[in-house]
Amino acid sequence: MHFVVKFFPEITIKSNPVRKRMSRQLRDNLQRQLKPLDDRIRVRQDWEKIDVIAPDAVAHLSGRIQEVLAHTPGIANFSSVRQFPLGDLHDIYEKTLSVWGDKLAGKTFCVRAKRTGNHDFKSLDVEQYVGGGLNQHTGAAGVKLKDPDITVKLEIRHDKLNVVEAQTPGLGGFPLGTQDPVLSLVSGGFDSTVASYLTIKRGIRTHFLFFNLGGRQHELGVKEVAFYLWNKYGTSHRVRFITVPFDEVVAEILERVDDSYMGVILKRMMLRAASTVAEELEVDALVTGEAIAQVSSQTLRNLSVIDSVTDTLVLRPLIASDKNDIIRTAREIGTEEFAANMPEYCGVISVKPTTRAKRDKVEKEEGRFDFSILDRAVASRTVQNIDRVMEDLQGETPAVEIATEPGDAVVIDIRHPTEEEMDPLELPGTRVETIPFYRLSSAFGNLDRDRHYLLYCARGVMSQLHAAHLMDEGYRNVGVFRPEKTQRD
């Protein structure tokens with residue numbers, strides 16, 4: 001097997017030293033990823049291309065080799081080729097006939113040749129001679145120079161002839177490791193996963209930072225999609241997955257901060273924490289999935305106020321993207337299903353969130369915040385190598401009971417007090433208690449263990465996360481109350 005890898009065009013227009021460095025990095029990345037498949041696979045680099053050569057004994061690995069090539073940043077396209085010593089025009093025709101003869105039956109075709117080196121013929125001579133021969137001696141429907149059914153591609157490089165059997169588009173971008181690393185803030189939804197993919201594609205070693213707002217199920221889901229991104233697009237470089245427990249920070253915001261400023265202040269707390277983690281990892285930039293005006297905290301004014309808490313560069317690859325474009329990219333890279341089924345855990349829910357935050361007002365609100373809680377959260381973070389996070393997914397997660405009728409259970413309304421006051425939960429004949437989600441973890445242990453409890457929230461997402469979290473802690477008298485009207489698709 002022989003594959004010819006072409007560099008992404010932006011690499012080829014770099015200065016000679018930069019082009020050499022990037023092409024060497026791509027070669028090293030491919031060697032690192034292909035060696036585990038079979039150490040007989042060879043990766044050879046020259047100025048114009050990279051050759052991946054494998055003996056016939058590993059032909060069964062062809063699909064896996066192509067999978068690596070298709071998802072490695074820095075590759076414009078790669079071709080499966082049959083390579084021969086270069087002869088005269090008739091020899092070129094015969095070699096091409098041996099590869100393409102049976103495949104042209106009933107098809108229109110044309111021949112395209114690219115040539116490098118000194119020869120006694122031109123590329124047009126090759127195209128005319130080989131095309132004429134194939135047209136006469138195969139069952140082809142004829143030569144068609146514009147929009148043929150098949151384009152027979154030949155590459156002549158000095159004393160070698162490559163007859164291209166198939167060409168596959170690559171990922172593009174720059175080889176991973178050619179740019180400085182970043183720390184991506186991931187929630188597992190469409191935006192943060194696509195933003196992370198875009199930085200990986202651009203050759204940036206991308207570490208992952210997750211703020212756990214209280215749900216183990218959410219954390220496991222984010223770890224799963226982060227591992228998927230790394231495993232598919234970035235295995236040439238090891239990265240870290242960092243989890244910061246943020247439930248106490250959220251509780252403090254909900255207790256101390258004016259409702260309209262909660263979202264902005266939560267983002268400021270995340271940037272403060274992320275900057276500390278980035279500094280310790282010697283990372284100079286953060287990445288978020290924010291896009292202008294997608295939600296209330298993502299106006300230019302609010303983003304400016306959010307960014308003012310840190311000197312660390314904040315990159316937003318999706319800043320001018322439409323949501324449909326983001327979802328389409330997620331579908332193309334394989335993260336759509338992850339994101340569509342990822343529980344969206346909102347740490348704070350503001351009734352009237354501000355879209356034009358004032359920095360002095362925000363700082364005044366933060367004056368009531370106990371920053372020792374933020375320091376404690378950062379100090380309690382866990383750091384894992386990305387290839388180890390899947391170990392967390394090996395254990396069985398207890399199934400959460402979802403009830404559409406309360407029966408004789410006690411229903412606990414875990415919504416934020418503001419939301420609960422606006423739309424009280426009324427269930428005639430059923431005992432209803434109100435415990436805000438940010439107090440549930442500490443309060444549940446004080447409840448009667450002989451009673452069965454069903455958690456309730458408007459959409460059924462937060463309640464399921466907290467029920468799973470409590471079950472992980474050993475409680476078995478908890479489930480979710482989800483009336484028919486709140487069932488999700």
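Is Leu-470 buried or exposed? Leu-470 is buried, with a relative accessible area of 1%. This comes from a predicted model, and that holds for everything below.

Start at this leucine. Leu-470 sits in helix 17, which spans residues 461–472. Leaving aside residues up to four places away in sequence, Leu-470 touches Leu-440, Phe-444, Leu-455, Tyr-475 and Val-478. Take Leu-440 from that list. Along the sequence, Leu-470 and Leu-440 are 30 residues apart. In space, their C-alpha atoms are 9.1 Å apart.

Two other contacts of Leu-470 are aromatic: Phe-444 and Tyr-475. Both belong to a cluster, in which ring pairs link Phe-444, Tyr-453 and Tyr-475. Within the cluster, Phe-444 and Tyr-453 pair edge-to-face. Their ring centres are 5.6 Å apart, and the planes make an angle of 75°. Phe-444 and Tyr-453 are both buried.

Val-478, another contact of Leu-470, leads to a sheet. Strand 19 covers residues 478–481. This strand belongs to an open sheet of five strands, ordered 15-19-18-16-17, with parallel pairing. The edges are strand 15 (402–403) and strand 17 (432–434), each pairing on one side only. Strand 15 runs parallel to strand 19, and two bridges join them. In one of these positions, Ala-403 has Phe-481 of strand 19 as its bridge partner.

Now move to another sheet. This one is open too, with six strands in the order 13-12-9-10-11-14. Its pairing is mixed. Strand 13 (313–315) and strand 14 (382–385) are the edge strands. Each of them pairs on one side only. From one strand to the next, the twist averages 25°. Strands 10 and 11 run parallel and are joined by five bridges. Phe-211 has Val-244 as its bridge partner in strand 11.

Phe-211 also has an aromatic partner. The structure holds nine aromatic pairs. One of them joins Phe-211 and Phe-246. The pair is tilted, with 4.6 Å centre to centre and 55° between the planes. What does this pair tie together? Phe-211 lies in strand 10 (residues 204–212), while Phe-246 lies in the loop between strand 11 (240–245) and helix 8 (247–256), so the pair ties together parts that are 35 residues apart in sequence. Both rings belong to buried residues: Phe-211 has 8% relative accessibility, and Phe-246 has a relative accessible area of 0%.

Helix 8 follows that loop. In helix 8, Val-249, Val-250, Ala-251, Glu-252, Ile-253 and Leu-254 are buried. Note the glutamate, Glu-252, among them. The buried residues of helix 8 pack against helix 9, helix 14 and helix 16 (437–443).

Helix 14 deserves its own look. Which residues of helix 14 are buried? In this helix (residues 371–379), they are Ile-373, Leu-374, Ala-377 and Val-378. They cover an arc of only 135° around the axis, which puts them on the same side of helix 14. The spacing fits a general rule. An α-helix has 3.6 residues a turn, so residues three or four places apart point the same way. On the other side of helix 14, Asp-375 and Ala-379 are exposed. The buried residues of helix 14 pack against strand 11, helix 8 and helix 9 (262–280).

Turn next to strand 5, which covers residues 108–116. Strand 5 pairs with strand 6 (residues 142–143) through two bridges, and the two run parallel. Here Phe-109 stands opposite Val-143 of strand 6. Strand 5 also pairs in the parallel sense with strand 7 (residues 150–157), over eight bridges. In that pairing, the bridge partner of Lys-114 is Glu-155 of strand 7.

Last come two charges over rings. The charged end of Arg-19 sits over the ring of Trp-47, 4.1 Å from the ring centre. Lys-103 lies over the face of Trp-100, at 5.2 Å from the centre of that ring.

Note on methods:
Residues are numbered from 1 along each chain as its sequence is written. This is a predicted model: local features need pLDDT of at least 70, side-chain atom pairs count only at pLDDT 80 or more; totals for chains, interfaces and linings use all residues. Side-chain values use heavy atoms; hydrogens and water are left out. Rings of Phe, Tyr and Trp (its six-membered ring) pair if their centres lie within 6.5 Å; planes under 30 degrees apart count as stacked, over 60 as edge-to-face and the rest as tilted. Helices (H or I, at least four residues) and strands (E, at least two) are DSSP runs, numbered from the N terminus. Buried means under 20% relative accessible area, exposed over 50%, partly exposed in between (1.4 Å probe, protein chains only). A charge sits over a ring if NZ of Lys or CZ of Arg is within 6 Å of the ring centre and within 35 degrees of the ring normal. The arc is that of the directions from the helix axis to the C-beta atoms. Contact means heavy atoms within 4.5 Å. Two strands pair if DSSP finds at least two bridges between them. Axes are lines fitted to C-alpha atoms, for helices over the stretch in contact, and angles run from 0 to 180 degrees between N-to-C directions.
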